There are 2 protein chains.
Amino acid sequence: MSNADKETLDRILIAAESLFADQGYDGTTLRQITRRAKVNLAAVNYHHGDKESLYLEVLRRRIQPINQTRLAMLDEAEQQAGDQPVPLAVLMEILAGPLFELYAGPDENGRHGARLIGRALVEPLPFTETFLAGEFQPWLARFGQALRRHVPALTPEDFLWRFSFVIGALQHALATLHRMKSLTRGICRDNDHNAALPRFVQFATGVFGARP
Amino acid sequence: MSNADKETLDRILIAAESLFADQGYDGTTLRQITRRAKVNLAAVNYHHGDKESLYLEVLRRRIQPINQTRLAMLDEAEQQAGDQPVPLAVLMEILAGPLFELYAGPDENGRHGARLIGRALVEPLPFTETFLAGEFQPWLARFGQALRRHVPALTPEDFLWRFSFVIGALQHALATLHRMKSLTRGICRDNDHNAALPRFVQFATGVFGARP
DNA sequence: GTCTATATCATGATAGAC
DNA sequence: GTCTATCATGATATAGAC
């Protein structure tokens, strides 16, 4: 693949990502994307097929590395723990860390990607369902097992409800990180991932910690 | 207002509500709404002006009674508590109870309204911002004060982060209540508000309970 | 591979008859 | 108040020149 291709492709993906994160799938037009990417309208169809395919590519580009990292972190943590359960705080770091790192990392567009992941999971589009299920199911199954060991007395239903609450808190945090200042009347800062991650870990550890 | 008016108006609002809840604002067309409501396409413009006004009316119809109920419950709880803080579990019932009651109540369309509230708060549309701020700010301020008394040692920033996590959990629970079965591979039931509310109260009480 | 030009269609909104 | 008919716009997608 030539260099010019790569740049055009990347510009489209990056422009699409930030617009999808801000406005959602239906709220974003291909014209907005090509305008921001400074490419011709036809380029997106040529490179990515239709709008749905483009959206899935944007998602896949962010979700796959994150879930790979999570699996690798889980591997290492379980090896270190031996027969013992992986500590709760470590599990929650595995859950949230890669997302906040994407948000904060060297890739300045990562924060749009992280926000988009939160948004894509909240508002389901029909054509993303099987894709998202396939992307998350493998690592979520293993993560759930590891987490389950900390609360063996909970019924499966109780466990899943608690897990659902924690996932909701994480997605909400990701989706609002860029406007926390206005949401908190100036008390919290915008994009303050350094504040968010440890507080989330503490929060989530407490939820699954030793309580009735 | 004549009876026929009211029925037409209501049919439009109810149809719009369920479609907005399923597909979001941008994903829903006026034609879908009028088709489901079995009214003419022009009726919605005649009665409600444009699409944005209709959306705001749909939201207002659900949000106003809920926040009024919350304020009344808070009044009563504070009167009962006297100088003492209102118990945490009571506060969380005030936060979540009216929403789950709308979801489960005698109005069979309430569940779409409850889901829409969750969705409207997650994915902000430019033209809803001032409306939503105005609707929630009055009661949220009082609720925050009451909740704050349980964790006076927390910094304002820590407090707001925890509150944000809890709000996110609540919104996520509301937004996914109708598809919990598929999300949990059959373990939780769909629309099981009787399972969700007490578990949320327990969860949220724990988050603000006596922990470091 | 890239762009111009365009085909095709659906949308929100309205004018005007009844 | 309600409906038919229609408008202007902007959407996705593609055909075909270069």
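Ala, Val, Leu, Ile, Met, Phe, Trp, Tyr, Cys and Pro are classed here as nonpolar, Asp, Glu, Lys and Arg as charged, and the others, Gly among them, as polar. All views show a predicted model, in which local features need pLDDT of at least 70 and side-chain atom pairs count only at pLDDT 80 or more, while totals for chains, interfaces and linings use all residues. Residues are numbered from 1 along each chain as its sequence is written, chains are lettered from A and ligands numbered from 1 in the order in which they are written, and side-chain values use heavy atoms, with hydrogens and water left out.

**The protein surface near DNA strand C has five nonpolar, five polar and four charged residues.** The strand is surrounded by 14 residues, where a residue is near a molecule or strand if one of its heavy atoms lies within 4 Å of it. The closest are A:N40, B:T29, B:L30, B:R31 and B:N45. Sugar or phosphate accounts for 60% of the strand C atoms within 4 Å of the protein, and bases for the rest. Helix 3 of chain A, helix 2 (30-37) of chain B and helix 3 of chain B each give at least two residues to this surface. Helices (H or I, at least four residues) and strands (E, at least two) are DSSP runs, numbered from the N terminus.

**Side chains from both chains make polar contacts with DNA strand C.** A polar contact is a pair of N or O atoms within 3.5 Å; within protein, one must be able to donate a hydrogen and the other to accept it, and residues adjacent in sequence count only if both atoms are side-chain atoms. From chain A, a polar side-chain atom of A:N40 is 2.9 Å from a phosphate oxygen of the strand. A polar side-chain atom of A:H47 is 3.1 Å from a phosphate oxygen of strand C. From chain B, an N or O atom in the side chain of B:R31 is 2.9 Å from a base nitrogen.

**DNA strand D is surrounded by 14 residues, with A:L30, A:R31, A:N45, B:N40 and B:H47 coming nearest.** By class, the residues of this surface are five nonpolar, five polar and four charged. Of the strand D atoms within 4 Å of the protein, 52% are sugar or phosphate and the rest belong to bases. The side chain of A:R31 places an N or O atom 3.3 Å from a base nitrogen. Phosphate oxygens of strand D lie 3.2 Å from an N or O atom in the side chain of B:N40 and 3.0 Å from a polar side-chain atom of B:H47. Two or more residues of the surface come from each of helix 2 (30-37) and helix 3 (41-48) of chain A and helix 3 (41-48) of chain B.

**A turn of 180° with a shift of 0.0 Å along the axis lays chain A on chain B.** The RMSD is 0.0 Å, after least-squares superposition on the C-alpha atoms of residues with pLDDT of at least 70 in both. The relation is that of a two-fold axis. Both copies use the same surface, since 100% of the contact residues of chain A recur in chain B; contact means heavy atoms within 4.5 Å. A:A169 is the residue of chain A closest to the rotation axis, its C-alpha being 2.3 Å away.

**A:F208 and B:F208 have the most contacts inside the largest nonpolar core, which has 145 residues.** A nonpolar core is a set of buried Ala, Val, Leu, Ile, Met, Phe, Trp, Tyr and Cys residues joined through side-chain atoms within 4.5 Å. Buried means under 20% relative accessible area, exposed over 50%, and partly exposed in between (1.4 Å probe, protein chains only). Leaving out residues up to four places away in sequence, B:F208 touches B:L88, B:M92, B:L147, B:H150, B:V151, B:F159, B:R162, B:F163 and B:V166.

**A:C188 lies in the loop between helix 9 and helix 10 of chain A.** The residue is buried, at 0% relative accessible area. With residues up to four places away in sequence set aside, A:C188 touches A:M180 and A:K181 as well as B:E157, B:L160 and B:W161.

**A:R185 has a phi near 55°, a positive value in a residue other than glycine.** A:R185 is in the loop between helix 9 (180-183) and helix 10 (193-208) of chain A, and is exposed at 66% relative accessibility. In chain B, B:N191 has a positive phi of about 60° and is not a glycine. The loop between helix 9 (180-183) and helix 10 (193-208) of chain B holds B:N191, which is partly exposed, with a relative accessible area of 26%.
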